[in-house]
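Thank you all for coming; I would like to walk you through a structure that is new to most of us. Please have the sequence and the model open while I speak.

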Amino acid sequence: MVSNMCLAELDKQNPLKKKILNKDLVVFKTNSNKIAVLEDRCCHRNVQLSLGYVNGENLVCAYHGWQYGAEGKCACIPSLPIDQPIPKQQNKRLSCSD
Ligand code: FES
């Protein structure tokens, strides 16, 4: 699904915005070289995740800093206390497939 040209454009800080089959997607590479393709929208306020940046294994939303792992699950909500789990409604997987 992701072409070699697209992969050559990837670096470890900046996600790429791609439109494939009329779907807005974000492609990013983690520190451990995992390539991830997710819907290009944050679960919080639908901001494009492609405006964010990669931090280690996560993609960080540019607006409020929510972080998503390569599997598309929310990994961190900075405004939550450390001992509080991520609420289920915010823990939906951002899938790139229907
Ligand atoms: S819109 Fe992404 S963290 Fe708020």
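In the hairpin made by strands β2 and β3, five residues lie between the two strands, and one residue to look at there is asparagine 33, which takes a positive phi near 70 degrees. Before I go further, I should say that what you see is a predicted model, so some care is in order when we read the fine detail of any part where confidence falls, because where pLDDT is low, the predicted coordinates should not be read in detail. For the protein, the mean pLDDT is 87, and 85% of the residues reach 70 or more. Confidence is lowest in helix α1, residues 4-9, where the mean is 71, and it is highest in strand β4, residues 53-55, where it is 97.

Let me stay with the strands of that hairpin. Strand β2 and strand β3, the latter covering residues 35-39, run antiparallel and are joined by five bridges. Along this pairing, valine 27 stands opposite valine 37 of β3, and leucine 25 stands opposite glutamate 39, also in β3.

On its other pairing, β2 meets strand β1, residues 16-20, again in the antiparallel sense and over five bridges. Here valine 27 of β2 is the bridge partner of leucine 16, and you will recall that valine 27 also stands opposite valine 37 in β3. The strands β1 and β2 form a hairpin as well, with two residues between them, and leucine 21 in that turn has a positive phi of about 50 degrees.

Taken together, these three strands form an open sheet with antiparallel pairing, in the order β1-β2-β3. Its edge strands are β1 and β3, each of which pairs on one side only. Ignoring direction, neighbouring strands of this sheet are turned by 35 degrees against each other on average.

Why do we describe β2 as largely enclosed by the rest of the structure? The reason is that five of the seven residues of this strand, which covers residues 23-29, are buried.

With that in mind, let us step back to the whole chain. The protein has one helix and seven strands, and from the N terminus on the elements run α-β-β-β-β-β-β-β. It has 98 residues, of which 28% count as buried. If we take the contacts between residues at least 6 apart in sequence, 34% of them join residues at least 24 apart.

Next, the interior. The largest nonpolar core has 18 residues, and the members that touch the most other members are Val26, Phe28, Leu38, Leu49 and Leu59. Strands β2, β3 and β5, the last of these being residues 58-60, each supply at least two residues of this core. The largest share, four residues, comes from β2.

Leucine 59 leads us on to another part of the protein. Leaving aside residues up to four places away in sequence, leucine 59 touches several residues, among them Pro15, Val26, Phe28 and Leu49, as well as Gln67 and Tyr68. Tyrosine 68 is also the bridge partner of leucine 59 in β6, and β5 and β6 run antiparallel, joined by three bridges.

Those two strands belong to an open sheet of four, with antiparallel pairing and the order β4-β5-β6-β7. The strands β4 and β7 stand at the edges with a single partner strand each, so one side of each is left without a neighbour in the sheet. From one strand to the next, the twist averages 40 degrees.

Let me finish with two residues from this region. Glutamine 67 is found in strand β6, and is glutamine 67 buried or partly exposed? It counts as partly exposed, because it has 19 C-beta neighbours inside 10 Å, whereas 20 or more would be needed for a residue to be buried. Not counting residues up to four places away in sequence, glutamine 67 touches Asn55, Asn58, Leu59, Val60, Ala75 and Cys76. Its C-alpha atom is separated by 8.4 Å from that of proline 78, eleven residues apart along the chain.

Lysine 73, for its part, is found in the loop between β6 and β7. This lysine 73 is partly exposed, with 17 other C-beta atoms within 10 Å. The C-alpha atoms of lysine 73 and leucine 38 are separated by 9.8 Å, and the two residues are 35 residues apart along the chain.

Technical notes. Residues are numbered from 1 along each chain as its sequence is written. This is a predicted model: local features need pLDDT of at least 70, side-chain atom pairs count only at pLDDT 80 or more; totals for chains, interfaces and linings use all residues. A residue is buried if 20 or more other C-beta atoms lie within 10 Å of its own, exposed if 12 or fewer, and partly exposed in between; C-beta atoms are placed from the backbone. Two strands pair if DSSP finds at least two bridges between them. Two residues are in contact if their C-beta atoms, placed from the backbone, lie within 7 Å. A nonpolar core is a set of buried Ala, Val, Leu, Ile, Met, Phe, Trp, Tyr and Cys residues joined through C-beta atoms within 7 Å. Axes are lines fitted to C-alpha atoms, for helices over the stretch in contact, and angles run from 0 to 180 degrees between N-to-C directions. pLDDT is the predictor's confidence in each residue, from 0 to 100.
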